[in-house]
Each structure stands twice: as structure tokens, then as C-alpha cells.
Amino acid sequence: MQRIKRLVKHIISRINVNLKPMGLDIEQVLMESIPFDELTKYYAYYALSIDHPLYFRFRESNLGGTYFLGKCDVDRSIVFLSDIRGDELKTKNTKVQFGEVKTELYQDEIIQVINSYLIRTLVHNHSRNPEIPEYFRILNTAAMYYSNIHGTTTEGVYLGAFATADLSVLHNCILGNYAYVQAGDLSRVCIDPGRIWIRQEGKYEFDYRYSPVTIEKYVSWDQNGELTGVFAKFLKGRRSDFLPVYDSLTASENQIHVPNHAFLSRYAVVKGDCIIGENCLVAQRAYIEDSVMGAGANAQENSFIVNTECADLCVVAHGGKMIYTKLGEKVFIGFNCFLQGTVDKKISIGAGSIIMPHTIIDAEEPVTVPEETLVWGYIANQNDLKNQSMSMAEFAKEKRINLGNMSFTGDGAAFIKDFQNRIDHILVENGARYDGKSHSRGHAQKTQSVSYNLFQPYLAGEKEGLFPTIVVEDN
């Protein structure tokens with residue numbers, strides 16, 4: 001394992017070049033969290049699809065347990081139990097617009113992961129970087145457990161556990177545990193743990209901050225570098241259900257009916273009495289137990305849906321977790337939300353509502369959210385909704401809001417509209433309204449024709465833990 005240890009030192013040095021001047025020494029953080037004894041346990045796999053341009057290149061890296069789709073290039077990195085999902089990579093000759101300027105891609109877009117450490121991280125493309133539209137680049141970056149890098153190129157960046165970098169361009173930035181940022185082009189910025197920051201220059205700015213005590217309760221680290229807190233406890237009891245799925249090289253038969261135009265990944269877990277609706281998408285590493293997924297609903301990577309009913313067209317974004325919850329039609333559950341009800345303290349979300357990214361509803365009593373409501377922050381009871389929700393119609397009228405720990409300035413109507421447009425984009429891309437015609441096919445239909453190719457690391461010697469150099473491309 002000598003080469004792996006040298007690789008780790010190399011990654012640390014590259015990240016520290018960027019972040020040590022900002023006061024973060026990444027060495028202690030990574031050395032405490034890297035599971036060296038697990039780096040040889042898992043195969044990696046890449047997806048072959050007739051709907052996505054083919055090119056994979058993996059060099060001098062450990063890729064244990066990671067899934068790759070779309071054109072991907074990994075160099076001198078550790079990408080462990082992660083999902084690198086390039087199903088929306090742009091193709092050659094695509095015209096993209098940045099501000100008032102249009103430019104044309106001279107080649108297919110490709111995801112590049114270089115000098116980086118990603119553990120249980122979701123990477124989804126759709127880059128917003130005008131400097132390099134042909135590359136969705138993750139460079140000199142460390143992303144911790146259950147973080148999301150979504151539509152965000154990163155250079156010299158640290159993401160804490162359950163943090164999300166969304167639709168941004170980040171240079172030399174630090175995101176604390178459970179922080180969420182969607183704020184355009186950022187350089188040398190530290191985002192505090194539990195800060196939810198959404199900014200569109202010249203249009204609006206939304207800012208919410210969890211108390212440090214709350215963040216410590218849900219996301220924290222013990223003295224041995226182990227992830228602790230309510231989120232970790234919830235996941236720990238269910239993570240072992242994925243082991244049989246990844247131990248087998250052959251697909252297991254689904255125990256439930258899956259409609260012709262729906263997709264249930266062979267790398268998802270489905271337990272108990274579940275229903276999967278038409279045009280539904282259940283991605284790899286999603287977990288469904290005793291729950292209903294309505295027509296066109298989707299459960300994205302690292303989502304956990306337990307004793308829950310999702311009506312038609314519901315979107316459960318990456319990392320969304322729900323227990324004893326009922327969702328009305330076209331409800332949006334944002335990144336890393338945590339909605340925890342119980343059998344006698346259920347959560348009900350009205351149709352058309354938006355549960356903003358990184359929202360926690362941990363019910364001490366039954367909680368009911370009315371239809372068409374925007375919800376954010378930390379909610380334990382019905383009364384908490386007074387300071388952490390607003391009808392979307394009322395929010396759209398506002399130019400300035402100060403409510404509890406949240407502040408908003410700008411165009412409320414544009415804020416709501418942008419969220420709704422994004423939800424519609426997700427539904428279209430996922431094929432939620434597929435009508436049997438090719439123009440409405442989405443991920444739920446296209447992914448049915450994917451085949452999975454597995455590869456493993458060296459199991460002994462100096463290269464133990466490293467995967468061999470692999471290049472896969474069209475004939």
C-alpha cells in the first residue's frame with residue numbers, strides 16, 4: 001500500500017497549497033477519515049450507454065465502490081463509494097450562453113477529477129463555468145461524507161460532511177458541515193457550518209443560519225475522526241443493507257413490480273411493501289422501505305424514503321431523507337433534507353410545496369405544511385413553521401424579509417420562479433412525463449439500456465489499493 005500512501009500525501013499537499021493560507025490544514029482531517037483498510041474491499045463500475053458519449057480514463061487512483069456514467073477522467077485521486085454522474089454532460093457543438101455571450105463547445109464535455117479526495121460524494125454535472133465549458137473539473141478538492149458537488153466546478157475546495165456546492169464556481173473555498181451554497185462565482189470564501197446561502201447577482205439573496213448547537217446535534221465528529229450525530233445514526237442502521245447489492249456481480253431480481261417506463265437501479269435497496277409508479281426513477285444508492293413512489297416521482301442518489309408516500313411528480317433530491325412522511329403532488333424535497341416523523345407524529349407536505357435544501361423537520365408532534373408553501377430551516381413542531389415557512393404567493397410579493405434566522409432581499413417572484421423552473425427541468429430530464437414518444441424520454445427510460453462493467457484494485461504489494469490504469473472508448 002506504499003503507492004496509496006504516497007498518493008494521499010500528494011493529494012494533501014495539493015489541497016493545502018490552496019487552503020492552508022486560509023487557516024485549514026487538510027492533513028489531519030483526511031488522515032483521520034481515510035479508511036485505508038477498506039480501499040481494497042470494493043470494485044468500481046462504469047456504465048455503458050447508447051445515449052451517452054463513451055470515454056473513461058482512470059489513472060493512479062483508488063475508485064473503490066464508485067459509479068461512473070458519461071465521459072469521466074480521474075487522475076491521482078481517491079474517489080471512494082461515490083457517484084460520478086455525467087448524464088447531462090453537454091455534447092460537441094452545443095451552444096451555451098453566459099450572460100449576453102454565446103459560445104460553442106469544441107468537444108464533448110467531460111468530468112475531470114484531479115488531485116482530489118471524495119468520500120461518499122455525489123457529483124452531478126451541468127457546469128456553470130464559462131472559463132472551461134468543455135470540462136466539469138474537480139481539482140485539488142476534498143469532499144467529505146454525503147456531500148454534493150452539483151453543477152459546480154471546484155478548485156482548491158473543502159466540503160464538510162453533508163455539505164452541498166450547487167450551481168456555482170468555487171475557487172479556494174471552505175464549506176462547513178451541512179452548509180449549502182448556490183451563489184455564482186466565489187473565491188476565498190468560508191461558508192460557516194449550517195449556513196444556507198442562495199444568491200443570484202442582481203436578482204435576490206437568501207441567507208439562513210442554523211445554530212451551532214443544532215449542527216452539532218445532527219452532524220459532528222468524534223475524537224477518532226468518526227462521523228456522529230443524528231444523521232450518521234440514521235444512516236448507520238441502514239447502510240449494511242447495501243452490502244449484498246454490491247457483493248454480487250450479477251443482477252438480483254426485483255421483488256416488486258416495476259412498470260415498463262420506470263427505472264429501479266440494481267444498486268438501490270428496496271425493502272418491505274413498496275410501490276413504484278409509471279415513469280418513476282429510483283437511482284443507485286437510493287433506499288426505499290415500505291413506501292409508495294407515485295407516477296413520475298424520483299428518488300435520487302443517497303435518498304432514504306421510509307414509511308413514506310410520495311404522490312405523482314415528487315422530486316427527492318440527492319441525500320433527501322424522509323420517515324413517516326406524506327407528500328402531495330409535485331412536492332420538491334431539496335438536497336440533504338431530513339424529514340423525520342414517527343408513526344404517531346407524521347409529517348404531511350401539501351401539493352406544490354418546496355422544501356428547500358438542507359431543511360430539517362424533526363417532528364416532536366404531527367407537522368402539516370399547507371399546499372404551495374416554501375419551507376426552510378429547523379422545524380420541530382407546527383408553531384415553528386411561523387418563522388420558517390411562507391406561502392409561495394406571499395413570498396413572491398416580497399422584496400425584503402427578516403424572519404427568525406432567515407433574511408431575504410431582492411425579487412421574491414423571481415426566486416420562486418427559478419425554483420419552479422428547476423423542478424420542471426428535473427422532471428423533464430428524468431422522463432417523469434414520458435408519453436411513449438422519443439422527445440420525452442429521460443433518465444428513467446434511457447438508463448434501462450445501461451450495462452455495468454466492473455473492475456477491481458490490486459490486492460497486494462506496493463500497488464495495493466490502487467486501480468490499474470484503464471482507458472475505455474468507442475471502437
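Visitor: Which residues is Phe206 in contact with, leaving aside its neighbours within four places in sequence?
Guide: In this predicted model, Phe206 is in contact with Ile196, Trp197, Ile198, Met356, Trp376, Met406, Ser407, Phe408 and Phe415. Contact means heavy atoms within 4.5 Å.

Visitor: Before we go on, how are things numbered and filtered here?
Guide: Residues are numbered from 1 along each chain as its sequence is written, and side-chain values use heavy atoms, leaving out hydrogens and water. As the model is predicted, local features need pLDDT of at least 70 and side-chain atom pairs count only at pLDDT 80 or more, while totals for chains, interfaces and linings use all residues.

Visitor: Thanks! How many residues are in the largest nonpolar core?
Guide: That core has 78 residues, and Phe206 and Phe415 have the most contacts inside it. A nonpolar core is a set of buried Ala, Val, Leu, Ile, Met, Phe, Trp, Tyr and Cys residues joined through side-chain atoms within 4.5 Å. Buried means under 20% relative accessible area, exposed over 50%, and partly exposed in between (1.4 Å probe, protein chains only).

Visitor: Which domains does this core draw on?
Guide: It takes at least three residues from each of domain 1 (2-27 + 35-211 + 450-473) and domain 2 (256-446). Those bounds come from an automatic or database domain assignment. Apart from this core lies another, of 37 residues, among them Phe68, Phe136, Ala143 and Ile470.

Visitor: And how many residues of each domain are in contact with the other?
Guide: 42 residues of domain 1 are in contact with 40 residues of domain 2. The centres of the two domains, taken over C-alpha atoms, are 25 Å apart.

Visitor: New topic: what is unusual about the phi of Asn140?
Guide: Most residues other than glycine have a negative phi. Asn140 is not a glycine, yet its phi is positive, about 50°. Asn140 sits in the loop between strand E12 (135-139) and strand E13 (142-143); strands (E, at least two residues) and helices (H or I, at least four) are DSSP runs, numbered from the N terminus.

Visitor: Is Asn140 buried or exposed?
Guide: Asn140 is buried, with a relative accessible area of 11%.

Visitor: What about His358, where is that one found?
Guide: His358 is in the loop between strand E40 (354-355) and strand E41 (360-362). Its phi is also positive, near 60°, and His358 counts as buried at 0% relative accessibility.

Visitor: Last one: which residues in H1 and H2 meet?
Guide: Val8, Ile12, Ile15 and Asn16 in H1 meet Ile26, Glu27, Leu30 and Met31 in H2.
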